[in-house]
Amino acid sequence: MHSLSQEIQGFSKSRLRKQCTHVTTITGRKLLERRTDGGQVEELEGGSGCGFVEDTSLDLQVGVVRPFLLLASQDAAHDMDVLQRYKVSHVLNVAFGVANVFSDQLVYKTLRILDLPDTNITSHLSECSSFIDQAREQDGVVLVHCNAGVSRSCSVVIGYLMLRERLLFDEAYRQVKRARPSCQPNPGFYQQLQSYTPP
């Protein structure tokens, strides 16, 4: 039977398994750290992009703001099962560079809006609201989406409630946030809507 002291004496560092750690820096560089005496680090290929971990899971959550007015991400807008389940007839696409994939089956309106704080979001509210009204008048259901369904589309829907239902910003924001909890207009859109006075 080995004693603990014999085991410790017989211990050899060379018998340890080599450890590797994958590291992504904040700038998106992908590094591989090998645990050697020198602490060797090598850069992996394809390390461009941002330092965040990309979320590749689909966001198929649909926020029902009104029976005729839905809010979602591009994932839901590209999923026919979801669109049929919610009886979507019209799609308002306020993203930049997101295709309308069912244009032979649904009525689309596309406004290429950039999700930047200095983009004038309120200048688009009248045109967006007219399209939502058109869907409603045809007993349709309109899905408003951007890329993530977080900033642009939420801002448009908040603006619609302020413009058409005369809700104050706080109440419109609260109702949209309740329908889609991930709602988060960028700081510029938030301020524009806060100070927006519908004509």
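Here a biologist asks and a modeller answers, working through one predicted model.

Modeller: Before we start, residues are numbered from 1 along each chain as its sequence is written, and side-chain values use heavy atoms, leaving out hydrogens and water. In this predicted model, local features need pLDDT of at least 70 and side-chain atom pairs count only at pLDDT 80 or more, while totals for chains, interfaces and linings use all residues.

Biologist: Which helix gives the most residues to the largest nonpolar core?

Modeller: A nonpolar core is a set of buried Ala, Val, Leu, Ile, Met, Phe, Trp, Tyr and Cys residues joined through side-chain atoms within 4.5 Å; buried means under 20% relative accessible area, exposed over 50%, and partly exposed in between (1.4 Å probe, protein chains only). The largest core here has 37 residues. Elements giving it two or more residues include strand 5 (69-72), helix 4 (125-137) and helix 5 (152-164); helices (H or I, at least four residues) and strands (E, at least two) are DSSP runs, numbered from the N terminus. The biggest giver, with eight residues, is helix 5.

Biologist: How many residues are in the other core, the one with Leu 70 and Leu 83?

Modeller: This core lies apart from the largest one. Val 91 and Tyr 108 are also among its members. Its residue count is 15.

Biologist: Which residues of strand 5 point the other way from Leu 69 and Leu 71?

Modeller: Leu 69 and Leu 71 share one direction from the strand. The residues on both sides are buried. Pointing the other way are Leu 70 and Ala 72.

Biologist: Which residue stands opposite Leu 69 in strand 8?

Modeller: Two strands pair if DSSP finds at least two bridges between them. Strand 5 and strand 8 run parallel, joined by four bridges, whereas strand 4 (residues 63-66) pairs with strand 5 in the antiparallel sense over three bridges. In strand 8, the residue opposite Leu 69 is Val 142.

Biologist: Is Leu 114 buried or partly exposed?

Modeller: Leu 114 sits in the loop between strand 7 (107-110) and helix 4. Together with Phe 96 and Leu 116, Leu 114 forms a nonpolar patch on the surface, with about 280 Å² of accessible area in all. Patches are made of residues with over 30% relative accessible area and no salt bridge, like charges being joined within 9 Å and nonpolar side chains (Val, Leu, Ile, Met, Phe, Trp, Tyr) within 5 Å, and the areas come from the Shrake-Rupley method with a 1.4 Å probe, counting only the protein chains shown as cover for residues. Because its relative accessibility is 40%, Leu 114 counts as partly exposed.

Biologist: How many residues apart in sequence are the parts that Asp 59 and Arg 180 tie together?

Modeller: Their closest N and O atoms are 2.5 Å apart, which fits a salt bridge (a side-chain nitrogen of Lys or Arg within 4 Å of a carboxyl oxygen of Asp or Glu). Asp 59 lies in the loop between strand 3 (41-43) and strand 4, and Arg 180 in the loop between helix 6 and helix 7, so the parts they tie together are separated in sequence by 121 residues.

Biologist: Which residue forms a salt bridge with Asp 133?

Modeller: Asp 133 is in helix 4, and its partner, 31 residues apart, is in helix 5. Asp 133 is buried, with a relative accessible area of 16%. The closest N and O atoms of the pair are 2.5 Å apart, and the partner is Arg 164.
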